[in-house]
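Please walk through this structure with me, moving from the chain as a whole to its cores, its main pocket and a few individual residues.

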Amino acid sequence: VRRAMPTRLLPRLRAALRPRRTSAASQRAARWMSTDHRRKQLETEFDRVDLNKDGVISREEFMEAYGSGGVKSLVAHVLDENVNNWPTCSLDTTAKELAVVMGEHKNGWVVVAGEDRTDILGIITERDVVRRALDHNSGDMTSLVASDIMTKKEDLITVSTTDSVWDLTKIFLKSGIRAAPVLDDDGHLVGFVSIRDAVAQLVEDHSTEMVCLNDYIHGSY
């Protein structure tokens with residue numbers, strides 16, 4: 001027995017079967033987002049990044065391709081400018097007192113400052129303390145003070161608030177340090193940056209490129 005289709009459903013059926021008209025803009029967008037188009041884009045991008053043309057993107061190639069473009073300033077994204085986070089001491093702070101300060105702040109470094117906390121005179125790290133102890137002939141460090149142990153300001157590796165994250169990362173990789181003080185134009189301390197924060201910012205800046213290239217390498221396109 002053939003049943004007649006309810007009259008109220010006919011307009012809906014005709015509308016569903018009617019060819020849809022799309023605007024020129026929508027058609028262009030569809031072509032732009034097509035898989036073939038994205039694949040060609042990724043192939044071009046992969047070839048651009050793969051400088052050695054060996055089919056593998058190394059860390060150096062990735063950093064070279066994405067390090068210089070689109071990175072953000074230090075102050076806005078990776079600068080720790082909380083003055084209270086900096087353990088400080090004066091030039092005449094004793095070695096024993098330095099150990100106490102490092103222990104209280106659970107930190108491996110101390111800023112040697114003048115009258116103001118931002119007036120940096122030098123920095124003392126655990127490495128400085130160990131090196132000075134090894135160099136000290138008497139073996140007794142109780143007589144040493146911060147000025148005897150610190151790395152002076154003029155000998156520090158510092159960066160500017162206007163340096164890019166990419167410039168900062170290159171400094172870290174070249175020098176082998178893990179953090180650096182940031183100075184303003186007047187030479188005052190405005191904060192610290194670490195290699196962990198710098199790399200994390202680079203990854204965030206280029207997360208889209210990384211995901212797309214990873215999908216391309218593993219055959220998702």
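**From a buried loop residue to the pocket**

In this predicted model, Thr93 is found in the loop that runs between β1 (88-89) and α6. Thr93 has a relative accessible area of 10% and is therefore buried, since the cut-off for that class is under 20%. A polar atom of the Thr93 side chain lies 3.0 Å from the backbone nitrogen of Ser90, a residue that precedes it in the chain. When neighbours within four places in sequence are left aside, the contacts of Thr93 are with Leu98, Leu144, Val145 and Ala146.

Two of these partners lead on to the interior of the protein, for Leu98 and Ala146 are listed among the residues with the most contacts inside the largest nonpolar core. That core has 13 residues, and the others named for their contacts inside it are Cys89, Val110, Val112, Ile124 and Ile149. The elements that contribute two or more residues to it are α6 (95-105), β2 (109-113) and α8 (146-149), with α6 giving the most, namely four residues. Apart from this core lies another, made of 12 residues, among them Leu79, Val159, Leu168 and Phe172.

Val112 offers a view of how the surroundings of one core residue are put together. Leaving aside its neighbours within four places in sequence, Val112 is in contact with Cys89, Ser90 and Leu91, with the run of residues Asp119, Ile120, Leu121, Gly122, Ile123 and Ile124, and with Ala146 and Met150. Ser90, whose backbone nitrogen lies 3.0 Å from a polar side-chain atom of Thr93, thus appears again among the contacts of Val112.

How do these local pictures fit into the chain as a whole? The protein chain has 11 helices and seven strands, and buried residues make up 29% of its 221 residues. Among contacts between residues at least 6 apart in sequence, 54% join residues that are at least 24 apart.

The next feature to consider is the largest pocket, which has a volume of about 900 Å³. Its lining is formed by 28 residues, and those that lie nearest its centre are Trp109, Thr125, Arg178, Ala179 and Ala180. Two or more lining residues come from each of β3 (120-125), α7 (126-135), β6 (179-183), β7 (189-194) and α10 (195-205), and of the contributing elements α7 gives the most, with four residues. Sorted by class, the lining has 12 nonpolar, seven polar and nine charged residues.

Helix α7 is also the place of Arg127, which counts as exposed because its relative accessibility is 62%, where over 50% is required. Arg127 and Trp109 are 18 residues apart along the chain, and their C-alpha atoms are separated by 8.9 Å; Trp109 is one of the residues nearest the centre of the largest pocket.

Elsewhere in the chain, Ser160 is found in strand β5, which covers residues 159-160. With a relative accessibility of 19%, Ser160 counts as buried, although a reader should keep in mind that the class is defined as under 20%. The side chain of Ser160 makes a polar contact of 3.1 Å with the side chain of Thr162.

Finally, some loop residues deserve a closer look for their backbone geometry or their surroundings. Lys53 lies in the loop between α3 (35-49) and α4 (59-66), where its phi is near 55°, a positive value in a residue other than glycine. Lys53 is exposed, with a relative accessible area of 56%. Gly55 lies in the loop between α3 and α4 as well, but counts as partly exposed because its relative accessibility is 48%. Beyond its neighbours within four places in sequence, Gly55 is in contact with Phe46 and Asp50.

A positive phi is also found at Lys106, where the value is about 50° although the residue is not a glycine. The place of Lys106 is in the loop between α6 and β2, and these two elements are among those that give two or more residues to the largest nonpolar core. Lys106 itself, however, counts as exposed, with a relative accessibility of 80%.

Definitions and conventions:
This is a predicted model: local features need pLDDT of at least 70, side-chain atom pairs count only at pLDDT 80 or more; totals for chains, interfaces and linings use all residues. Side-chain values use heavy atoms; hydrogens and water are left out. Buried means under 20% relative accessible area, exposed over 50%, partly exposed in between (1.4 Å probe, protein chains only). A polar contact is a pair of N or O atoms within 3.5 Å; within protein, one must be able to donate a hydrogen and the other to accept it, and residues adjacent in sequence count only if both atoms are side-chain atoms. On a 1 Å grid over the protein atoms alone, a cavity is a set of points where a 1.4 Å probe fits but cannot get out, and a pocket is an open set with protein on both sides within 12 Å along at least five of seven lines; lining residues have an atom within 4 Å of a point. Grid points are joined across faces, edges and corners, and a volume is the space filled by probe spheres set on the points. Ala, Val, Leu, Ile, Met, Phe, Trp, Tyr, Cys and Pro count as nonpolar, Asp, Glu, Lys and Arg as charged, and the others, Gly among them, as polar. A nonpolar core is a set of buried Ala, Val, Leu, Ile, Met, Phe, Trp, Tyr and Cys residues joined through side-chain atoms within 4.5 Å. Contact means heavy atoms within 4.5 Å.
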